[in-house]
Amino acid sequence: MQRNDYDVVIAGGGPAGSIAGTYLSRMGFSVCIIEKKEFPREVLCGEFLSREVLDILTDIGLREQFLHLKPNPISSFRFCPDYPRTFSAPLTFIGYGLKRGAFDLLLLHAAQQAGAAVIQPAAVEGIVRIGQGFQVNVTDGTGAKSIRCTHVIAAYGKFNVLDKTIRRDPPHRVSSLNGIKFHVPKHLFVDYPENEIQIFTTDALYCGVNVVNEGTATVCFLEKRSREDLRPRERLADLIRTNRHFRKIVHPDFAAAIESFPIYGTSNIYFGKKSLVENGIMMIGDSAQVIAPLSGDGIGMAMQCGKLAAESIDEGRRKNYRSEELLVRYSQQWHSAFRRRLWTAGIIQSIFMSKNGRRISNTILSSFPKILSSIIEHTRG
Ligand SMILES: Cc1cc2nc3c(=O)[nH]c(=O)nc-3n(C[C@H](O)[C@H](O)[C@H](O)COP(=O)(O)OP(=O)(O)OC[C@H]3O[C@@H](n4cnc5c(N)ncnc54)[C@H](O)[C@@H]3O)c2cc1C
């Protein structure tokens with residue numbers, strides 16, 4: 001019979017939730033991860049895995065299993081604005097391209113192997129404070145149930161109806177940014193260097209391309225909603241027209257072929273500040289704050305954040321902190337770990353999504369191309 005009380009309940013089994021679950025289980029806490037979707041599932045993401053992802057995988061002994069999935073190694077970055085020149089820089093680390101379906105499944109299995117219970121597919125519908133602990137209300141295929149716990153970690157991603165249920169302040173922010181991902185057979189890119197991640201920009205969007213596993217390339221873009229309101233496939237056709245570098249690498253069949261590929265997308269992606277703690281609930285990963293994808297490394301940050309949450313709960317147990325003290329410590333550590341790179345990533349995103357910003361950055365990069373390497377370093381953990 002399934003138990004109904006745990007030390008920690010984690011809402012969401014993405015990278016943040018799975019890593020928190022793995023560390024907490026290894027520290028001896030009883031943990032339950034509740035994940036809404038059946039895995040493997042795809043999510044909106046450029047699927048570029050940066051340095052700190054590998055650091056954490058190594059730390060939890062998952063490096064070999066990860067490499068077994070045959071992720072594509074990436075060692076170079078190229079910025080291709082809607083101007084004649086492109087700018088490239090070697091990465092100071094080896095990154096990897098891997099589909100999120102495979103990656104997130106690996107992480108969730110690792111949490112399970114460490115001892116975390118996983119209820120899936122099941123949705124957290126509400127979180128209620130009861131005395132010193134919580135009651136988490138969950139629905140799955142068999143109906144509704146309640147789980148008691150001492151700590152709740154929210155790892156449910158960018159935004160969620162749960163933000164409203166727990167009366168998060170501000171409850172639900174909106175933006176004019178949509179994100180779209182396609183998986184495309186890599187032969188639809190001509191002479192594309194597999195070891196390179198390339199970013200293409202126009203007035204309306206920026207788009208990342210990198211090769212992942214299984215002979216596939218990921219094409220992922222962030223677009224400003226505008227009056228002409230193009231559909232995702234039309235947006236890519238527009239990118240072919242307006243960015244000569246993108247036009248050069250796509251096969252003549254590209255525009256026709258993408259008609260049949262599924263679209264993974266999310267609208268209203270909000271990159272601003274959110275609360276790190278709400279009603280005693282610890283927010284981690286994208287639930288805490290979404291980093292601008294052009295320059296950031298959301299998966300690595302989500303995993304770091306999961307580890308940080310686990311360490312804070314463990315420190316609270318060792319030092320006998322009251323719950324409020326523990327949450328204050330977590331917020332302080334979160335700020336010192338991530339504040340600088342969130343700020344840098346936000347500035348870079350606003351430069352590359354504005355016409356003047358791109359014109360000025362094109363001039364600066366033409367004169368000082370080495371700045372690119374320094375920008376990459378400043379947005380990595
Ligand atoms: C356009 C774009 C491109 C990006 N590209 C990259 C990239 O190339 N590299 C990179 O490192 N980062 C990238 N990111 C960022 C990255 O995708 C996120 O930072 C990362 O997925 C955050 O992980 P997470 O675990 O916090 O949330 P998620 O990965 O969103 O996981 C949340 C989980 O919670 C589950 N869930 C939701 N609601 C409930 C509920 N009520 N009950 C139970 N479960 C629930 C969901 O099903 C999901 O599995 C990109 C982001 C965008 C917007």
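**Close-up views of a predicted model**

**View 1. What helix α4 packs against.** In this predicted model, the buried residues of α4 sit against three elements: α1, β2 (31-34) and β6 (117-119). Which residues of α4 are the buried ones? They are R100, F103, D104, L107, L108, A110 and A111. Look down the axis of α4 and these buried residues fall within an arc of 150 degrees, so they line one face of the helix.

**View 2. Checking the length of α4, and what follows it.** Here's a quick sum you can try yourself: helix α4 covers residues 100-114, which is 15 residues, and at 1.5 Å a residue it should span 21 Å. Its end C-alpha atoms are 21 Å apart, so the model agrees with the expected span. Right after α4 comes G115, with a positive phi near 125 degrees.

**View 3. The shell around the ligand.** How many residues surround the ligand? There are 37, and the closest are G12, G14, G46, G285 and G298. Sorted by class, the shell holds 19 nonpolar, 12 polar and 6 charged residues. Four elements each chip in at least two residues: α1 (15-26), β7 (122-130), β13 (216-224) and α9 (298-319). Of these, α9 gives the most, with 4 residues.

**View 4. Two domains and the ligand.** The domain assignment splits the chain into domain 1 (5-50 + 98-173 + 271-351) and domain 2 (177-268). Where does the ligand lie relative to them? Both domains give residues to the shell around the ligand, so it lies between them.

**View 5. Where the domains touch.** Taken over C-alpha atoms, the centres of domain 1 and domain 2 are 30 Å apart. Their contact takes 13 residues from domain 1 and 15 residues from domain 2. On the side of domain 1 that touches domain 2, you'll find 8 nonpolar, 1 polar and 4 charged residues.

**View 6. Two cis peptide bonds.** Most peptide bonds are trans, but have a look at these two. The bond from F39 to P40 is cis, with omega near 0 degrees, and P40 belongs to the loop between β2 and β3 (48-49). The bond from Q120 to P121 is also cis, with omega near -10 degrees. P121 is in the loop between β6 and β7.

**View 7. Positive phi at E47 and N320.** Most residues other than glycine have a negative phi. E47 has a positive one, near 65 degrees, and N320 has a positive one too, near 60 degrees. E47 is part of the loop between β2 and β3, while N320 is part of the loop between α9 and α10 (323-352). Is E47 buried or exposed? It has 30 other C-beta atoms within 10 Å, and 20 or more make a residue buried, so E47 is buried. N320 has 8 C-beta neighbours inside 10 Å, so N320 counts as exposed.

**View 8. H68, out in the open.** H68 belongs to helix α3 (residues 63-68). Why does H68 count as exposed? Because H68 has 9 C-beta neighbours inside 10 Å, and 12 or fewer is the cut-off for exposed. For a sense of distance, pair H68 with D238: the two are 170 residues apart in sequence and 37 Å apart in space, C-alpha to C-alpha.

Note on methods:
Residues are numbered from 1 along each chain as its sequence is written. This is a predicted model: local features need pLDDT of at least 70, side-chain atom pairs count only at pLDDT 80 or more; totals for chains, interfaces and linings use all residues. A residue is near a molecule or strand if its C-beta atom, placed from the backbone, lies within 6 Å of it. Ala, Val, Leu, Ile, Met, Phe, Trp, Tyr, Cys and Pro count as nonpolar, Asp, Glu, Lys and Arg as charged, and the others, Gly among them, as polar. Domain bounds come from an automatic or database domain assignment. Two residues are in contact if their C-beta atoms, placed from the backbone, lie within 7 Å. The expected span of a helix is 1.5 Å times one less than its number of residues. The arc is that of the directions from the helix axis to the C-beta atoms.
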